[in-house]
Amino acid sequence: MLVVNIKGVLGSFQIDVDIHTKEAVIALYGDSGSGKTSILRAIAGLWQPDEGVITIDDRVIYHGETGVNVPSPKRRLGVVFQAPLLFPHMSVEKNLRYGQGEKTTGLGRVVCMLDLGN
């Protein structure tokens, strides 16, 4: 079950969303600038709302009142952006290794596959 009940302000834009679903797959749709990406960023831990609660399968990953805010890498979620982005707080190598878990090998293969050698 996914619960996203959050409020927040991004510049002059206000987010106020209340999602409760047991569905394994959901879709967000709306006009450009309506907050879809901001909601996904909050779920992934890339933006912290001003208040509210986010839970996945009864696991609280964000709770504004209690201060729970599970770091993005520990949320075990995948994010695919529309535009290619890196996590700004990580080095290029750490971005490439993100999602590898405990594995420490394979970076050379990724660098070759993405043609990042130089």
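The model contains an open sheet of five strands in the order S2-S1-S3-S4-S5, paired antiparallel. Its edge strands, S2 (13–21) and S5 (68–69), each pair on one side only. Strands (E, at least two residues) and helices (H or I, at least four) are DSSP runs numbered from the N terminus, and two strands pair if DSSP finds at least two bridges between them. This is a predicted model, in which local features need pLDDT of at least 70 and side-chain atom pairs count only at pLDDT 80 or more, while totals for chains, interfaces and linings use all residues. Residues are numbered from 1 along each chain as its sequence is written, and side-chain values use heavy atoms, without hydrogens and water.

Strands S3 (residues 51–56) and S4 (residues 59–63) run antiparallel and are joined by four bridges. Ile 54 has Tyr 62 in S4 as its bridge partner.

Helix H1 (residues 36–44) packs on the sheet and touches S1 (2–10), S2, S3 and S4. The direction of H1 makes about 115° with that of S1; axes are lines fitted to C-alpha atoms, for helices over the stretch in contact, and angles run from 0 to 180 degrees between N-to-C directions. Within H1, Ser 38, Ile 39, Ala 42, Ile 43 and Ala 44 are buried, and their cover includes S1, S2, S3 and S4. Gly 45, with a positive phi near 85°, follows H1.

The largest nonpolar core (buried Ala, Val, Leu, Ile, Met, Phe, Trp, Tyr and Cys residues joined through side-chain atoms within 4.5 Å) has 14 residues. Val 4, Ile 6, Val 17, Ile 39, Ile 43 and Ile 54 touch the most other members. S1, S2, H1 and S4 each give two or more residues to this core. Leaving aside neighbours within four places in sequence, Ile 54 is in contact (heavy atoms within 4.5 Å) with residues including Val 3, Ala 42 and Arg 59.

Two loop residues differ in accessibility; buried means under 20% relative accessible area, exposed over 50%, and partly exposed in between (1.4 Å probe, protein chains only).

| Residue | Loop | Relative accessible area |
|---|---|---|
| Lys 22 | between S2 and H1 | 71%, exposed |
| Ser 72 | between S5 and H2 (92–97) | 15%, buried |

Lys 22 lies 6.4 Å from Leu 2, C-alpha to C-alpha, although 20 residues separate them in sequence. Ser 72 touches Ala 44, Gly 45, Leu 46, Phe 87 and Tyr 98, not counting residues up to four places away in sequence. A polar atom of the Ser 72 side chain lies 2.9 Å from the backbone oxygen of Ala 44.

How values were computed
Polar contact = N/O pair within 3.5 Å; in protein donor to acceptor, adjacent residues only side chain to side chain.
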